[in-house]
Amino acid sequence: MTALPQNPDEAPRAAAGAERFALLDGLRGIAAFAVILDHTPPNFLGELIPGRYLAVDFFFVLSGFVLAHAYGRRLEGGWSVFSFMRARVIRLYPLYLAGLVIGVSLVVLGVVRGWDATPIGQVGVFVLFGLLFLPAPPIYAFGDGALFPFNGPAWSLFFELVVNFIYGLIARFLTARVLAVILVVGAGAVTFTVLRHQDVGGPGWLWSHFDAGLARVVFDFFAGVAIYRMRGAMKLPGVPAVIPVLVFVAVIMVPVPAEWRAAYDAAVAIVVMPLLVALASQAKVAGLIEPVCGTLGTMSYGVYVLHVPLLGLLYIVAAAAGITLPGWGIVVAIVLMAGGAAAFLHHTYDGPMRRWLSRTLPGGASG
């Protein structure tokens with residue numbers, strides 16, 4: 001996303017152009033694997049990377065940069081928001097659906113086996129909303145207020161689609177002045193909402209901090225759009241590829257005192273992540289590093305959207321087999337499972353499904 005995060009949803013390349021941003025591909029892959037640590041049991045790796053959830057802000061900034069690169073001129077030239085959103089849904093929905101199916105299957109299994117007391121009717125209501133890519137209604141106890149209880153990380157994909165729709169609507173009117181106003185107001189909203197929910201790292205996945213998720217995606221996305229436009233107006237400095245990588249790793253590893261954590265997170269979202277995308281977009285990679293970055297980028301969305309339901313599956317299988325995995329073992333297992341599933345589904349399911357949707361969904365001729 002998501003998606004991306006990017007959000008991990010879109011490869012950093014032009015829809016109609018040859019320019020590639022290989023290091024951004026690699027960074028979003030690293031970011032997707034870092035997010036895994038936010039959902040595994042506390043262990044030395046999780047403690048070593050306390051700011052791993054900040055990868056979502058990187059995804060959002062990258063998404064704005066990538067979509068401005070891929071679709072900005074077409075939208076500014078009058079391409080319809082319907083055609084744009086059609087393209088975005090086609091890109092995001094197949095793997096999102098795969099994660100939803102796994103998550104729903106685990107919940108239904110729990111209900112059938114008696115592990116989960118949730119009435120099956122409530123599960124059905126949540127499934128309907130999930131199929132429509134909409135947050136679960138906050139009217140039942142099931143999910144504890146999560147926007148997407150079957151697959152938590154999907155919250156960022158929903159916000160991604162929201163900001164994509166906003167971008168599609170206003171792209172033709174997005175002057176430098178309007179963009180500046182959005183960024184100033186957005187920075188204030190990020191600061192206010194993140195500090196307001198300072199007891200939560202990377203707020204946005206629960207209804208109780210919906211405002212912070214919306215503020216983060218709006219500011220981050222349009223910061224990415226602004227960065228892409230800046231590349232045409234001014235020459236950004238070229239840097240060795242290792243520098244953006246080290247900056248990203250350092251940012252998520254900084255051990256910030258609890259009382260300063262929220263302020264640090266807001267500053268990273270507002271300043272560091274946009275700067276990181278700007279620097280990485282100018283970095284060049286060569287040799288074996290380039291295909292490695294490409295592979296990480298290709299896997300990143302699948303890893304991001306599949307790892308939580310696969311983690312639930314891992315727990316069930318381990319319990320059935322009477323195996324107790326240590327924290328590091330769970331991390332290694334889910335990295336392998338999510339990475340393998342992402343690579344396998346990319347070729348056997350995601351690509352074919354997107355091609356089928358492109359042929360089937362109405363409005364293709366206008367895209």
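Start with the largest nonpolar core of this predicted model, which holds 113 residues, and select Phe58, Tyr96, Phe150, Tyr167, Phe222, Phe248 and Met273, the members that touch the most other members. Then colour helix α3, since this element gives the most to the core, with 14 residues.

From that set, keep Tyr167 and display its surroundings. Leaving aside neighbours within four places in sequence, Tyr167 is in contact with Leu67, Ala68, Gly72, Leu75, Phe84, Leu174, Phe221, Phe222 and Val225. One of these partners, Phe222, is also listed among the core members that touch the most others.

Next, turn to the charged pairs. A search of the whole structure finds nine salt bridges, and the stops that follow take in some of them. Side chains of opposite charge can pair when their charged atoms come close.

Select Arg216 and Asp57, whose side chains meet in a salt bridge with an N to O distance of 2.9 Å. The pair links distant parts of the chain, with Arg216 in helix α8 (residues 210-233) and Asp57 in helix α3, 159 residues apart. Both Arg216 and Asp57 are buried.

Move on to Arg88 and Glu160, which form a salt bridge whose closest N and O atoms lie 3.3 Å apart. Here helix α4 (residues 81-113), which carries Arg88, is linked to helix α6, which carries Glu160, across 72 residues of the chain. Arg88 has a relative accessible area of 0% and is therefore buried, and Glu160, at 0% relative accessibility, likewise counts as buried.

The third pair to select is Asp38 with Arg52, a salt bridge in which the closest N and O atoms are 3.3 Å apart. Its two ends sit in loops, Asp38 in the one between α1 (22-36) and α2 and Arg52 in the one between α2 and α3 (55-76), with 14 residues separating them along the chain. Is each end of this bridge buried or partly exposed? Asp38 counts as partly exposed because its relative accessibility is 31%, whereas Arg52, at 15%, falls under the 20% limit and so counts as buried.

To finish with the charged groups, select Arg91, Asp350 and Arg354 together, as these three residues are linked in a network of salt bridges.

Now show the surface and look for Val242, Ile243, Leu246 and Val247, which form a nonpolar patch with about 310 Å² of accessible area together. Val247 belongs to helix α9 (residues 242-253), and this residue is partly exposed, with a relative accessible area of 30%.

Another residue to pick out is Leu336, which lies in helix α12 (residues 327-360). Leu336 is exposed because its relative accessible area, 61%, is over the 50% limit. If a distance is drawn from the C-alpha atom of Leu336 to that of Val303, 33 residues away along the chain, the separation is 9.7 Å.

Finally, colour the whole chain by confidence. The mean pLDDT is 90, and 93% of the residues score at least 70. Over residues 1-17, however, the pLDDT is below 50, although this stretch has 80 contacts in the model beyond near neighbours in sequence. Where pLDDT is low, the predicted coordinates should not be read in detail. Among the elements of the chain, helix α2 (residues 44-48) has the lowest mean pLDDT, at 74, while helix α6 (residues 154-170) has the highest, at 98.

How values were computed
Residues numbered from 1 in each chain as written. Heavy atoms only, no water. pLDDT = per-residue confidence, 0-100. Helix = DSSP H or I, 4+ residues; strand = E, 2+ residues; numbered from the N terminus. Contact = heavy atoms within 4.5 Å. Buried < 20%, exposed > 50% of the residue type's maximum accessible area, 1.4 Å probe, protein only. Salt bridge = Lys/Arg side-chain N within 4 Å of Asp/Glu carboxyl O. Core = buried A, V, L, I, M, F, W, Y, C linked by side-chain atoms within 4.5 Å. Patch = residues over 30% accessible without salt bridge, like charges linked within 9 Å, V, L, I, M, F, W, Y side chains within 5 Å. Areas by Shrake-Rupley, 256 points an atom, 1.4 Å probe, with all protein chains shown as cover.
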